[in-house]
Amino acid sequence: MGAAACDAAVEQLTRLLDQAEEPLKQTFQNVHQGYPEEALVRFLKAREWHVLKAHNMLVDSLNWRIQNEIDSILEKPIIPVDLYRSIRETQLVGLSGYSKEGIPVFAIDVGLSTYDKASVHYYVQSHIQINEYRDRIILPMVTKKFGRPISTCIKVLDMTGLKLSALNQMKILTAISTVDDLNYPEKTETYYIVNAPYIFSACWKVVKPLLQERTRKKVHVLHGCGRDELLKIMVHSSLPHFCQREGTGSSKNSSNDIDSCFSLDHPFHQELYHYIEEQALKQELIKLGSLHVNIPDQDPEDAKIVEAIEAEFHKLGEQNGSSVNGDHKE
């Protein structure tokens with residue numbers, strides 16, 4: 001799509017948004033953080049530059065933010081802290097550093113995240129809080145530091161330990177990905193897959209043809225832990241801990257290691273948690289209980305991808321004589 005056509009689409013979407021009600025415009029400010037055109041481009045890309053579809057997507061997202069009080073989610077800590085620590089030990093995600101261009105690098109352990117120490121609502125709340133902290137605090141900080149808009153991140157996904165039993169987490173993973181796809185579109189610049197076992201490779205062959213070309217180009221499956229490739233775009237200190245030495249993936253105890261960006265004791269999670277506590281104290285909002293965020297209806301195309309993954313998992317289970325729970329048949 002040519003530059004002139006892109007500019008025209010942004011201008012048209014801007015005019016449509018100008019007609020929106022004031023509450024929508026107000027929550028949009030938390031979305032764009034001073035760079036409205038960049039935010040509009042993300043929604044346009046997500047709908048293949050179809051202006052009306054992008055407008056509907058954006059309005060739905062803004063209404064979702066209002067209905068679920070997303071603008072104040074960074075004022076609602078998950079307490080007590082022991083509960084939050086349990087979440088961090090079972091939802092393995094963290095900020096490991098930045099690329100040489102200043103893009104935040106998030107590490108995610110897909111294989112060893114179990115999501116089994118709290119309700120789905122807590123895990124979704126925690127995920128959205130990380131998204132909002134990224135968009136409202138981290139990205140504006142690096143934008144100011146580098147003197148240019150930085151509105152995306154890099155994700156390094158560790159597949160160490162991925163098993164057929166991961167199918168048990170499909171419901172919560174689908175909920176989280178649906179929230180991201182419909183409300184935080186095009187926020188990830190590149191996905192790097194590392195330590196990929198056979199089960200991932202088999203699923204990737206099935207899923208890859210179903211993805212839009214735009215998404216396929218973002219996914220890079222690296223050899224082993226991917227250290228050498230990742231060092232081309234970031235310094236060693238920004239590598240996720242599971243990429244720092246060849247042949248070493250995540251371990252089950254890694255989330256308790258202060259050097260692991262998954263740990264609650266890591267500077268990123270300490271800063272995030274204390275920030276939310278401080279905002280809550282200012283508003284006198286600290287209270288027990290999870291925030292129940294409504295999960296939007298899944299996009300039909302994404303539903304097909306989930307079905308393909310589930311079918312492939314069942315197929316692999318039958319071939320290996322195992323159940324999806326990972327139990328070998330007698």
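The expected span of a helix is 1.5 Å times one less than its number of residues. Keep that rule handy as we walk through this structure, which is a predicted model.

Let's try the rule on helix H6. With 27 residues at 1.5 Å a residue, H6 should span 39 Å, and because its end C-alpha atoms are 37 Å apart, the two values agree. H6 isn't perfectly straight, though: there's a bend of about 40° at Arg-134. How much of H6 is covered? Mostly, it is: 19 of its 27 residues are buried. Just after H6 you'll meet Gly-147, which has a positive phi, near 70°.

Now look back along the chain to helix H4, which takes in residues 51-67. H4 has 17 residues and reaches 24 Å from its first C-alpha to its last, close to the 24 Å expected. Its buried residues include Val-51, Leu-58, Trp-64 and Arg-65. What covers the buried residues of H4? Part of the cover comes from H6, the helix we just visited, and helices H1, H2, H3 and H7 also contribute. After H4 comes Glu-69, with a positive phi near 55°.

Last stop: Pro-267, which sits in helix H11 (residues 267-283). Is Pro-267 buried, exposed or in between? Buried means under 20% relative accessible area and exposed means over 50%. Pro-267 has a relative accessible area of 46%, so it counts as partly exposed. You can also place Pro-267 relative to His-236: the two are 31 residues apart in sequence and 17 Å apart in space, C-alpha to C-alpha.

Note on methods
Residues numbered from 1 in each chain as written. Predicted model: local features only at pLDDT ≥ 70, side-chain atom pairs only at ≥ 80, totals over all residues. Heavy atoms only, no water. Helix = DSSP H or I, 4+ residues; strand = E, 2+ residues; numbered from the N terminus. Buried < 20%, exposed > 50% of the residue type's maximum accessible area, 1.4 Å probe, protein only. Contact = heavy atoms within 4.5 Å. Bend = angle between axes of the 7 residues up to and from the residue.
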